[in-house]
Amino acid sequence: MQPDHSHQTRRRADGENEAVMRRKSRILLCFAVLWVLGIAYYFYSGTALSRKDEWGSSDSSSKSKAHTSDDKTNGLETLPPGKVRWQDFDQDLYVGATVVRAGQDPYARNNCRHKQWKTELPASSVVITFHNEARSALLRTVVSVLKKSPVHLVKEIILVDDYSDNRELRTHTDYTNKPTAERGNKCNVCSVCVSAEDGALLGKIEKIRVLRNDRREGLMRSRVRGADAAVAPVLTFLDSHCECNDHWLEPLLERVAEDKSRVVSPIIDVINMDNFQYVGASADLKGGFDWNLVFKWDYMTLEQRRARQGNPIAPIKTPMIAGGLFVMDKDYFELLGKYDMMMDVWGGENLDGTMIQSGFENSDSGFLVITISFRVWQCGGSLEIIPCSRVGHVFRKQHPYTFPGGSGTVFAKNTRRAAEVWMDEYKNFYYAAVPSARNVPYGNVPDHQDIAFGALQQGGNCLDTLGHFADGVVGVYECHNAGGNQEWALTKDKSVKHMDLCLTVVERTAGSLIKLQGCRENDSRQQKWEQIESNSKLRHVGSNLCLDSRNARMGGLTVEVCSPSLNQQWKFTLNLQS
């Protein structure tokens, strides 16, 4: 019997058709599932956005209500014309694009959270100096001071712009830390840098005053300018790249209010310059220094840590504090003699004692090092670190600004000057550690007989010996802030001295050349000078004629009939008389 081939063929065909149908069904099922998932995602996204909008609206409304409530609670007075509250200042517009984000102290300060601070505390003037600082970092510092401080304790914030010059950088943003030719290695960190106009913009914020130097002065002279302008009884000095935290100011002011000879500093936390993350620092550190006068942090000994276990928030006695962040009584600051105005740029502010100078902040802000320290504890004061006060600080990997003569030379001059003024025979340890410093000029140290000292400036030029010696003439030359030929002193016996040479008027008639001659005691006719018109002119006592630069290019300085001419306007770097 022959097999039914046609029947078998039909069965195979039916099987293949069923397999094809099953494959098509699976494909359709997959498409259906994907379609359902897409529809679900669409509705979910819309709901989430709606919730976000509602949250944003609610948050904005709550902020607005809180803002109004704060106004009513604090009873704020009407702001001066042109000023705005810091909350109303357009920070985004000011900074532009920036990666800086406000951080918050993550350090668990359980022992400080419930501490009650005295209510009757003195107000403070906050002095912040800067040079070519990043916009975002400067703004972050200012806003944190206003946001984290009780309103009545911040009298004002004085911003001293030390002749920032990067106008060309205002349109350039670089979020890396690598120097570029376009940045010229000037920009500090992660943002557009501040120029003269930018600093003025911050002056629109309530309580902020902006002072701008008309030439590069350096940290010491800039801080003194800010301190002289301050009106509050307590001075708070901050770097321009900080972030203050809750209750940072009250514990500092409380210690100074109890004893005006105290100089106090917060614990300085770390703000990472690469990503601006906030890292709490150890509370077991004290300030110290090596014989090369470089500031360093030292861990407390085991015995010291054990002694503090009973009261871990007690003030920490320290021989040195970092020079960038500290609080002190203004009258005490002036009693100590302020800063050494002959130290240059940003270096030496910690050791000093000349007043507050000498630092090399190995990763930051213009050599922070041993701040006011030398002078304070050698003159009967004390230095403390306050654990309940914390301020974050950006520690930079390199200096973002330039130094006249190079950073090494400036640092060596400042540290040698501190050693010569304050270390007596112990300066030999410094020279043993830094033998090359013996070859670095450190300038003359003001004598107690001097009433004015430093460069004698006229605009951007300074009185200069031009390398001349006895019987040579004097002239003017562009100020270089390095002492030497441009270093002068007006003494109490009315001599204008450079080393052992004095400005001398040989012929007491208008147009006579000024000569350098050996200083002579009791010479009342040729070598006596006095400051007049608010210390803006030098008048020769024997002839009643004034020091004049009109003929400086044609032979030297002369004496002329006193007049309002700019050729007769002179200003010492440091005036010691009241």
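**Bridges, bonds and buried residues**

Trainee: Why is C244 called buried?

Mentor: C244 has a relative accessible area of 0%. Buried means under 20%, so C244 is buried. Bear in mind that this is a predicted model.

Trainee: What makes C112 and C388 a disulfide?

Mentor: Their sulfur atoms sit 2.0 Å apart. The cut-off is within 2.5 Å, so C112 and C388 qualify. The torsion about their S-S bond is about -80 degrees, so this disulfide is left-handed. C112 is in helix α3 (residues 110–113) and C388 in strand β12, so the link joins distant parts of the chain, 276 residues apart.

Trainee: How do you know whether C112 is buried or exposed?

Mentor: C112 comes out at 11% relative accessibility. With buried set at under 20%, C112 is therefore buried. C388, at 3%, is buried too.

Trainee: Which way does the link of C502 and C519 turn, left-handed or right-handed?

Mentor: First, C502 and C519 do form a disulfide, with 2.0 Å between the sulfurs. The angle about the S-S bond is 100 degrees, and the link is right-handed. C502 lies in strand β18 (residues 501–505) and C519 in the loop between β19 (514–518) and β20 (529–532), so the pair ties together parts 17 residues apart in sequence.

Trainee: And what is C519 called, given its 32% relative accessibility?

Mentor: Partly exposed. That class runs between 20% and 50%, so 32% falls inside. C242, for its part, is in no disulfide: the nearest cysteine sulfur, that of C244, is 6.6 Å away, and a disulfide needs the sulfurs within 2.5 Å.

Trainee: Let's turn to charges. Why is the pair K317 and E384 called a salt bridge?

Mentor: Side chains of opposite charge can pair when their charged atoms come close. For K317 and E384 the N to O distance is 3.1 Å. The limit is within 4 Å, so the pair counts. K317 lies in strand β10 (residues 316–317) and E384 in strand β12 (residues 382–394), so the bridge ties together parts 67 residues apart in sequence.

Trainee: Which residues are linked with K317 and E384 in a network of salt bridges?

Mentor: K118, R255, E258 and R262 belong to that network along with K317 and E384.

Trainee: How do you know that D298 and K296 form a salt bridge?

Mentor: The closest N and O atoms of D298 and K296 are 3.7 Å apart. That is within 4 Å, so this pair counts as well. By this rule the count comes to 20 salt bridges.

Methods:
Residues numbered from 1 in each chain as written. Predicted model: local features only at pLDDT ≥ 70, side-chain atom pairs only at ≥ 80, totals over all residues. Heavy atoms only, no water. Salt bridge = Lys/Arg side-chain N within 4 Å of Asp/Glu carboxyl O. Helix = DSSP H or I, 4+ residues; strand = E, 2+ residues; numbered from the N terminus. Buried < 20%, exposed > 50% of the residue type's maximum accessible area, 1.4 Å probe, protein only.
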